[in-house]
Amino acid sequence: MPNAMIQVNHLTKVFYDKKRGKVTAVNDVNFCCHKGKIFGLLGPNGAGKTTTLRILATMMTPTAGKVLVNGYHVVKAAHKVRQSIGFLSGETGLYDRFTSRETVRFFGKINGLSEQGISKRMTQIFQTLGMTHFQDVRVDRLSTGMKQKLSIARAIIHDPPVLIFDEPTVGLDVITARAVIETIREFRNQGKCIIFSTHQMHEAEKLCDEIAIIHLGKLLSVGTLVDLKKRFPVGDLEEIFFKLINNRE
Amino acid sequence: MNWKKVLLIYCKEIMGAIRDRRTLISMIVIPLFFYPLLFLGIGYFTLMGQEKSEALPSLVAVVGTDNTPRLIEKLEQDEKIKLVHLKENEVEALEAGEIYLLIEIPESFDIEKDQENYLTIIVQYNSTIQRSQIARKRVTTVIEDYRQQMIQERLEQIGIDLDYIQPIQEEWLDVALEERKIGTILGMILPYIIIILIFVGAMHSAVDITAGEKERGTMATLLVSQLSRLEIVLGKYFTVMTISATSMLLGLIGLSIAFLTPVYALGELSLIKAKFSLSLFFLFFLVLAPLVGLASAILLLIGIFARNSKEASTYVTPIYMSAIFLGMISLSQGMELAEPMFFIPILNNSFTFKELLMGTVYWKHLVSTLISNIVITLLALLTAAKLFKKESVLFRS
């Protein structure tokens, strides 16, 4: 697959829950994400979006299937995968006692960047994201929007080719959410492969080059917005989404 | 494994700890100020109470016949004894603490004249009242003096010298070296105090940088970075060790200040007099460093396993109590451990440390202590790194 930065083949993830027993969180899912494209994982809560993204980020191992990120196997070459990705989710918190600059510098060093390289890249990122005015403020004094910008800066300091964003606009006000969306667009323009999960239709509609609708661990449909509309001529993305979910249930 | 990355994590954690008021309180304020103040407070009030009790005259009531006039006279002559005359309810007065001692002289015969007989004086006291204990001591001395005087008089009357009935007299001389005396006192309390200091110092930071990080969501940020699980564990482990060792050293400094004050009068023991050589300090290090390492590794493991700080604190409590229990065994004087017992962590540290303080080096015990501590620490660290890979531990909620 040309330009395929993420290849997910027959991915299955099974959990064993004390109360529920065997739970199939992701069930035989297949998709590809390409360089310079935004791929949206659309689904309600509990659909399997976060689990899929955690597997891509090497935080979880698949029960079955093969997942390659930037050509590296997520289990066999987990370290190489982590070099290739920038991961952001509600779980990836920030250190309250550090300033924005200290946070980004720390992650730059962890990712093997030189002091000079970090300074150069940090200046560039802080300017692009409009973070310069709070770069020396401690994280515990930042607003939610500022923190989200810092999280993005932290995730991209090593300039990874693949960006994995799990619901990056959740809990943000309209203005900050819009700024985040714009930033994601900018990353696409830089040629990065972006996969992001959301349950907000308008966000997916506006931003994604390709959309995968996922529900109860199953991938119901995948394609461009135009493809989906052709396949399911029921109206906008929201209508398509509900039609697919209702059919499944 | 990249040691530079371990150092990065270590520096990050230390920086975070320095900026965290709670860690600073548990690492610096409590050991350096709180413990000494606590001990000074306890010592001061005990001393004050004792001094006050010693200064007060003992209120003693005498009931019964007046056939021991010289005893009564001796009691009256003692400045620290004040005889009181109660007409009734003497026992109730003693129980209530209104008098401190009750002497009953039975109505039988005149002991001063009837030299063939003996007299049993009943002295009642209240062991729960310190002043009664002091009165007992004072009255015992007076009675003993009276007894000796009477013995001498009786013997003189039949022409026998007092030495005749005391053919042997003993004189006790302590040959223990000053260092060893100090070592015995320190050996009893110091291992126990050090165990507490190490655990208290390590507890907060171990929980904060593991379970606390999970709670704040920063652990996942580390896990998706280019760090191996072992690098993360080691960076955090060395942080907990540093904080725990700092807390222990500051605690020892604080307690030394407290114990050298006039309140404890341990200053007279002159700890400086104890000839702690450089090699002995190295041996102390050999015993204490593995203990710091062991406590840090176990507490870190618990923190990683726990869902959140609250759960971690619950798991840490029995570990802390067990450590205190093992440390308390060293408080008992005369207790000796069998060789295999030197493989029990904490217990072996406290006993080996005790031996060193008393000036004896048992290499066998030192080696057993080192081996058991290192093996358990390594196991705890490897388990911690393994737990970091377990989804069931990382993502359970």
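User: Is the crossing of α9(B) and α10(B) right-handed or left-handed, and how is the angle between two such helices to be read?

Analyst: In this predicted model, α9(B) and α10(B) cross in the right-handed sense. As to the angle, values that are neither under 35 degrees, nor over 145, nor from 65 to 115 count as oblique. The axes of α9 (residues 229-259) and α10 (residues 278-305) of chain B cross at roughly 130° and come within 9 Å; the two helices are therefore oblique to each other.

User: Which residues make the contact of α9(B) with α10(B)?

Analyst: From α9(B) come B:Lys236, B:Tyr237, B:Val240, B:Met241, B:Ser244, B:Ala245 and B:Met248, and from α10(B) come B:Val292, B:Gly293, B:Ala295, B:Ser296, B:Ala297, B:Leu299 and B:Leu300. Sorted by class, this contact has 10 nonpolar, 3 polar and 1 charged residues.

User: How many residues does each chain give to the contact between chains A and B, and which elements of chain B take part?

Analyst: Chain A gives 19 residues and chain B gives 17. On the side of chain B that touches chain A, α1 (3-18) and α8 (218-223) are the elements that give two or more residues. This side of chain B comprises 6 charged, 6 polar and 5 nonpolar residues.

User: In which sense do β1 and β2 of chain A pair, and what lies between them?

Analyst: For a pair of strands, one reads the sense, the bridges and the connection. Strands β1 (residues 4-17) and β2 (residues 21-34) of chain A are antiparallel, with 10 bridges. One bridge joins A:Ile6 to A:Cys33 in β2(A). With 3 residues between them, β1(A) and β2(A) form a hairpin.

Conventions: Residues are numbered from 1 along each chain as its sequence is written. Chains are lettered from A and ligands numbered from 1 in the order in which they are written. This is a predicted model: local features need pLDDT of at least 70, side-chain atom pairs count only at pLDDT 80 or more; totals for chains, interfaces and linings use all residues. Two residues are in contact if their C-beta atoms, placed from the backbone, lie within 7 Å. Helices (H or I, at least four residues) and strands (E, at least two) are DSSP runs, numbered from the N terminus. Ala, Val, Leu, Ile, Met, Phe, Trp, Tyr, Cys and Pro count as nonpolar, Asp, Glu, Lys and Arg as charged, and the others, Gly among them, as polar. Two strands pair if DSSP finds at least two bridges between them. Axes are lines fitted to C-alpha atoms, for helices over the stretch in contact, and angles run from 0 to 180 degrees between N-to-C directions. A crossing is left-handed if the near helix is turned anticlockwise from the far one by less than a right angle, and right-handed if clockwise.
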